[in-house]
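Reader: I would be grateful for a close look at a single part of this protein, with an account of how that part relates to its surroundings. Please proceed step by step, as I am in my first year of study.

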Amino acid sequence: MIFLYSPKEEKVLYVNQAVKSLLNITPETFTQDFNRMIESRQPFDEAIKKLSQAGAIQLTLRLKSHPPLPCYIDLIPTGLFKNHVVGVVLF
């Protein structure tokens, strides 16, 4: 599953169709409800703050009512989505 997150807006802008098979929800539900679905914003926000210094970071994405998801996040360095976060969830 791949998602695009805007740190400035604190929201998911896009998630691909793999979210259906992984979490059994629609991409629209994931993008709209991400902030309510995440167990705690603190680990996610801390990982995002470290991105500019550390490069890609591995973390566990913990969503309510779902098993923990191994995830890699990184900043997009250039272009239209510069400074947005791309996330890849492994399953």
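Author: Two residues are said to be in contact when heavy atoms of theirs lie within 4.5 Å. The model considered here is predicted. With that in mind, let us begin with His84.

His84 sits in the loop that links β4 (69–75) to β5 (85–89). Its relative accessible area is 15%, and because buried means under 20%, His84 counts as buried. Which residues is His84 in contact with, once its neighbours within four places in sequence are left aside? They are Leu4, Tyr5, Ser6, Pro7, Leu13, Asp74, Leu75 and Ile76.

The strand before this loop, β4, contains Tyr72. With a relative accessibility of 36%, Tyr72 is partly exposed. Together with Ile2, Val88 and Leu90, Tyr72 makes a nonpolar surface patch of about 310 Å².

Beyond the other strand, in the segment after β5, comes Phe91. Phe91 has a relative accessible area of 62%; since exposed means over 50%, Phe91 is classed as exposed. Apart from neighbours within four places in sequence, Phe91 is in contact with Met1, Ala18, Ser21 and Leu22. For Leu22, the C-alpha atoms of the pair are 7.3 Å apart in space, although 69 residues separate Phe91 and Leu22 in sequence.

We may now turn to the interior. The largest nonpolar core has 26 residues, and those touching the most other members are Phe3, Phe30, Phe34, Phe44, Leu61, Leu63 and Ile73. Both β4 and β5 are among the elements that each supply at least two residues of this core. The largest share, 4 residues, is that of α3. Phe34 illustrates the links within this region: setting aside neighbours within four places in sequence, its contacts are Tyr5, Val12, Thr29, Arg41, Phe44, Leu61 and Leu63. Tyr5 has already appeared, as one of the contacts of His84.

Arg41, a contact of Phe34, also forms a salt bridge with Asp45, with the closest N and O atoms 2.7 Å apart. These two residues stand 4 places apart in helix α3, so about one helical turn separates them. Asp45 is partly exposed, at 23% relative accessibility.

The structure holds 3 salt bridges. Another joins the side chains of Arg36 and Asp33, at 2.3 Å from N to O. Arg36 and Asp33 are 3 residues apart in helix α2, and therefore about one helical turn apart. Arg36 is exposed at 58%, whereas Asp33 is partly exposed at 21%.

Note on methods. Residues are numbered from 1 along each chain as its sequence is written. This is a predicted model: local features need pLDDT of at least 70, side-chain atom pairs count only at pLDDT 80 or more; totals for chains, interfaces and linings use all residues. Side-chain values use heavy atoms; hydrogens and water are left out. Buried means under 20% relative accessible area, exposed over 50%, partly exposed in between (1.4 Å probe, protein chains only). Patches are made of residues with over 30% relative accessible area and no salt bridge: like charges are joined within 9 Å, nonpolar side chains (Val, Leu, Ile, Met, Phe, Trp, Tyr) within 5 Å. Accessible areas come from the Shrake-Rupley method with a 1.4 Å probe; for residues, only the protein chains shown count as cover. A salt bridge is a side-chain nitrogen of Lys or Arg within 4 Å of a carboxyl oxygen of Asp or Glu. A nonpolar core is a set of buried Ala, Val, Leu, Ile, Met, Phe, Trp, Tyr and Cys residues joined through side-chain atoms within 4.5 Å.
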